[in-house]
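The following paragraphs offer a guided reading of a single protein chain. Please keep the sequence and the coordinates at hand while following the description.

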Amino acid sequence: MTTEELIAARRAEPWRKALRESMKNKERTEIPRVRMNELEPEYRSHSRLEEVNLGLTEEQARREAQRCLDCPNPTCMRGCPVGIHIPTFIKNIERGEILEAAKVLKETSALPAVCGRVCPQEKQCESQCIHLKMGKEAVAIGYLERFAADYERESGHVSVPEIAEKNGIKVAVVGSGPAGLSFAGDMAKRGYDVTVFEALHEIGGVLKYGIPEFRLPNKIVDVEIDGLRKMGVRFEKDCIVGKTLSYDDLHTAGFKGIFVASGAGLPNFMNIPGENLVGVMSSNEYLTRVNLMDAANPASDTPVRKGKHVAVIGGGNTAMDSVRTARRLGAERAMIVYRRSEEEMPARAEEVKHAKEEGVEFLTLHNPIEYIGDERGRVKRMRLQKMALGEPDASGRRRPVPIEGAIETVDVDEVIVSVGVSPNPLIPHAFQGLEISKKGTIVVDGDSMRSTLDDVYAGGDIVRGGATVILAMGDGRRAAASMDVSLRKA
């Protein structure tokens, strides 16, 4: 059944007609958008493990679901990289069938509780909502997704998607981040024998090491992963494909297809004086040590420096995660240093809002040009060049240009650099025959996600160089559909 046929069939369901007739569209559009329940800012800024967003009550969720107009042509679905049937899951919430809503989510998404928390819905599905064309706020699709997934988990009645009969074909997944997990889930549904190889000691990739628990609790990720285990997916930890196992080893073990989702864990720096001083580190190192290695614990084998005057360089979500983590670890002054204005900042508006509420300072239109150390080689100050916005660059954002002679010095005792990442180079170098771009990403066909090696597909940051969770998951779904077709022909 095509997507269009599925939409038509679901719209014809009798209960959907009854819901549409229960309230006029004008009444639905007059309902104000729900607001997320949150922890109080002063409290949460000292609580590293408690989630900031508390979720919706059932009453709030059902009221918000009434705002959905159940459009004949649901444009919101065009904005969803994994193809969730958004109107159906929302309408199930409206009629109180929350477990049915969760089942609809799981038809296409391996990680609904994760996506409901960290995906930029305002730039994806919600940006296509018909309410926006009427001058209204979009339906809170992300909040509702989180609600349905959380409701199912808390009910104790967690469903497992329908699994096709096992076909005996083995496929390997390199990396257990969102792209790898999405691919694994789709291939398991199709009856394949799926094994995920993870280099670290925890399953989840960037979901575990890159996103703090106050935004995405580990227990939420673990429940999603356990759901994949129930579908038959196997996980191998502490296994570095390209080192522990080679490309030939995977073939010898009988794997007929390989999906590479090894991410982009190589941090970028700015190559300015003082970056080698003690107290200057990448956001990758900082967040990995805090999130995955318990570095905030003084008894940890790898304790992290807890600065009192902390500057985070960058304006993306990872920068926000880093600066908000620093605040929770005791920073008296926590600063975002960003070379453009706030309007150009790529971080989600919600993350910027939360950071400000938690006491983070924003030094926009500033760019570091030097870090200065003390006699022991520890960072103590940074020199910042003031910037102005010029003409738009290739990204469409106005290019920052320095203001001649406008330099200021700021005291710091810790600097966290969050100016982007590069792809993990291990797989590209270990798999002979892969075409690699100048940026070190694996070159794939954009539709199939197939590489220049017939049995190797790739997606997520190893292809994009840096992307959102949901875009990585979309890559995994496309690769699974394409590999399935190829293997069935073989």
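The model is a predicted one. The reading begins with a pair of helices, H6 (residues 86-94) and H7 (residues 98-108), whose axes lie 7 Å apart and enclose an angle of about 170°. Because angles over 145 degrees count as roughly antiparallel, H6 is placed in that class relative to H7. On the H6 side, the residues that meet H7 are Thr 88, Phe 89, Asn 92 and Ile 93. Their counterparts in H7 are Ile 98, Glu 100, Ala 101, Val 104 and Leu 105. Sorted by class, this contact consists of six nonpolar residues, two polar residues and one charged residue.

The loop that leads from helix H5 (58-65) to H6 contains Asp 70. Although Asp 70 is not a glycine, its phi is positive, at about 50°. Is this residue, Asp 70, buried or exposed? Its relative accessibility is 3%, so Asp 70 counts as buried.

A second non-glycine residue with positive phi is Asn 271, where the angle is about 55°. Asn 271 is located in the loop between strand S7 (266-267) and strand S8 (280-282). With a relative accessibility of 72%, Asn 271 counts as exposed, whereas Asp 70 counts as buried.

The next subject is a parallel sheet. Five strands make up this open sheet, and their order is S5-S4-S3-S6-S17. Its edges are formed by strand S5 (234-236) and strand S17 (456-458), each of which pairs on one side only. On average, and with direction ignored, neighbouring strands of the sheet are turned by 25° against each other. Helix H10 packs on this sheet and touches S3, S4, S5 and S6. The direction of H10 makes about 165° with that of S3.

Within this sheet, strand S3 (residues 170-174) merits a closer look. Four of the five residues of S3 are buried, and the strand is accordingly described as mostly covered. What does S3 pair with, and in which sense? One partner is strand S4 (residues 193-197), which runs parallel to S3 and is joined to it by five bridges. In this pairing, Val 174 stands opposite Phe 197 of S4. The chain passes from S3 to S4 by way of helix H10 (residues 178-189), and the resulting β-α-β crossover is right-handed. Val 173 also has a bridge partner in S4, namely Val 196. Another partner of S3 is strand S6 (residues 255-260), again paired in the parallel sense over five bridges. Here Val 171 stands opposite Gly 257 of S6. In general, the strands of a sheet pair through backbone hydrogen bonds, in either a parallel or an antiparallel manner.

The antiparallel manner is found in another sheet of the model. This open sheet has three strands in the order S12-S13-S14, and its pairing is antiparallel. Strand S12 (366-373) and strand S14 (398-411) are its edge strands, each pairing on one side only. The average turn between neighbouring strands of this sheet is 20°, direction ignored. The pairing of S12 with strand S13 (residues 379-392) is antiparallel and extends over seven bridges. Within this pairing, Ile 372 has Arg 381 of S13 as its bridge partner.

Two further helical residues remain to be considered. Ala 349 lies in helix H16 (residues 349-357). Since its relative accessibility is 61%, Ala 349 counts as exposed. Ala 349 and Val 443 are 94 residues apart along the chain, and their C-alpha atoms are separated by 32 Å.

Ser 482 belongs to helix H19 (residues 469-489). Why does Ser 482 count as buried? The reason lies in its relative accessibility of 18%, given that the cut-off for a buried residue is under 20%. Leaving aside residues up to four places away in sequence, Ser 482 touches Ser 448 and Tyr 457.

Key:
Residues numbered from 1 in each chain as written. Predicted model: local features only at pLDDT ≥ 70, side-chain atom pairs only at ≥ 80, totals over all residues. Heavy atoms only, no water. Axes fitted to C-alpha atoms, helices over the stretch in contact; angles between N-to-C directions. Helix = DSSP H or I, 4+ residues; strand = E, 2+ residues; numbered from the N terminus. Parallel < 35°, antiparallel > 145°, perpendicular 65-115°, else oblique. Contact = heavy atoms within 4.5 Å. Nonpolar A, V, L, I, M, F, W, Y, C, P; charged D, E, K, R; others polar. Buried < 20%, exposed > 50% of the residue type's maximum accessible area, 1.4 Å probe, protein only. Pairing = 2+ DSSP bridges. Right-handed = clockwise from strand over helix to strand, strands pointing away.
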